[in-house]
Amino acid sequence: MSMEKIIKGLEREILQQRREAQEILNRIAAVTSPEFAGRAAGVLDPRKHFYGFECYLSLLLTLETVLYAEVPPDDALDVVQTGWDAKTILSVWRSEE
């Protein structure tokens with residue numbers, strides 16, 4: 001496989017991940033607000049942390065799930081940063097209500 005093909009493959013993968021992140025952020029904005037979605041993207045930005053873009057996507061998906069379960073946005077953003085999965089977060093959240 002040539003280096004050019006490898007680079008093009010990586011570029012396609014990066015673009016796909018960016019599109020996926022934007023789709024998740026759009027869904028987060030729909031359930032909260034565009035401002036909150038932008039803030040969440042900034043807080044979870046992988047350039048500010050010791051994790052990669054795949055983990056960022058996972059955190060965004062967890063945030064989306066927790067928000068759809070009606071956890072208040074600010075609380076959801078805080079707890080998602082623990083790295084817990086959505087099931088654990090919701091279990092703890094519901095036990096504290």
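This is a short talk on how the helices of one predicted chain pack together.

Okay, some ground rules. The model is predicted, so local features need pLDDT of at least 70 and side-chain atom pairs count only at pLDDT 80 or more, while totals for chains, interfaces and linings use all residues. Residues are numbered from 1 along each chain as its sequence is written, and side-chain values use heavy atoms, with hydrogens and water left out.

Let's start with the overall picture. The chain has five helices and zero strands, and along the sequence that reads α-α-α-α-α. Helices here are DSSP runs of H or I with at least four residues, strands are runs of E with at least two, and numbering goes from the N terminus. The C-alpha atoms fill a box of roughly 55 × 25 × 20 Å, taken along the principal axes. Of the 97 residues, 31% count as buried. By buried I mean under 20% relative accessible area; exposed is over 50%, and partly exposed is in between, with a 1.4 Å probe and protein chains only. As for contacts, which are heavy atoms within 4.5 Å, take those between residues at least 6 apart in sequence: 52% of them join residues at least 24 apart.

Now the front end. Helix α1 covers residues 3-31 and helix α2 covers residues 34-44; they pack at an angle of about 135°, with their axes 7 Å apart. The axes are lines fitted to C-alpha atoms, for helices over the stretch in contact, and angles run from 0 to 180 degrees between N-to-C directions. So α1 and α2 are oblique to each other. On that scale, under 35 degrees is roughly parallel, over 145 is roughly antiparallel, 65 to 115 is roughly perpendicular, and the rest is oblique. The crossing of α1 past α2 is right-handed, meaning that the near helix is turned clockwise from the far one by less than a right angle, with anticlockwise being left-handed.

Who makes that contact? From α1 you get L25, I28 and A29, and from α2 you get P34, F36, A37 and A41. Sorted by type, that contact has seven nonpolar residues, no polar and no charged. For the sorting, Ala, Val, Leu, Ile, Met, Phe, Trp, Tyr, Cys and Pro are nonpolar, Asp, Glu, Lys and Arg are charged, and the others, Gly among them, are polar.

Zoom in on A37, in helix α2. A37 has a relative accessible area of 5%, so it is buried. Leaving aside neighbours within four places in sequence, A37 is in contact with L25, I28, A29 and T32.

Moving along, D45 sits in the loop between α2 and α3. Is D45 buried or exposed? At 11% relative accessibility, D45 counts as buried. Not counting residues up to four places away in sequence, D45 touches Y51 and Y56.

Y56 takes us into α3, where the buried residues are F53, Y56, L57, L59, L60, T62, L63, E64, V66 and L67. Their cover includes α1, α2, α4 (73-80) and α5 (86-96). Helix α3 itself, residues 53-68, has 16 residues and reaches 23 Å from its first C-alpha to its last, close to the 22 Å expected at 1.5 Å a residue. That expected span is 1.5 Å times one less than the number of residues.

How do α3 and α4 meet? Their axes come within 9 Å and cross at roughly 145°, and this crossing is right-handed. L59, T62, L63, V66 and L67 in α3 meet P73, A76, L77 and V80 in α4. The split for that contact is eight nonpolar, one polar and no charged.

Last stop: the loop between α3 and α4, home to A69 and E70. A69 is partly exposed, with a relative accessible area of 25%. Skipping residues up to four places away in sequence, A69 touches L90 and R94. The C-alpha atoms of A69 and L90 are 7.7 Å apart, although the two residues are 21 residues apart along the chain.

E70, in contrast, counts as exposed, at 70% relative accessibility. Have a look at the backbone there: phi of E70 is near 75°, a positive value in a residue other than glycine. For background, most residues other than glycine have a negative phi. In the chain, E70 comes just after α3.
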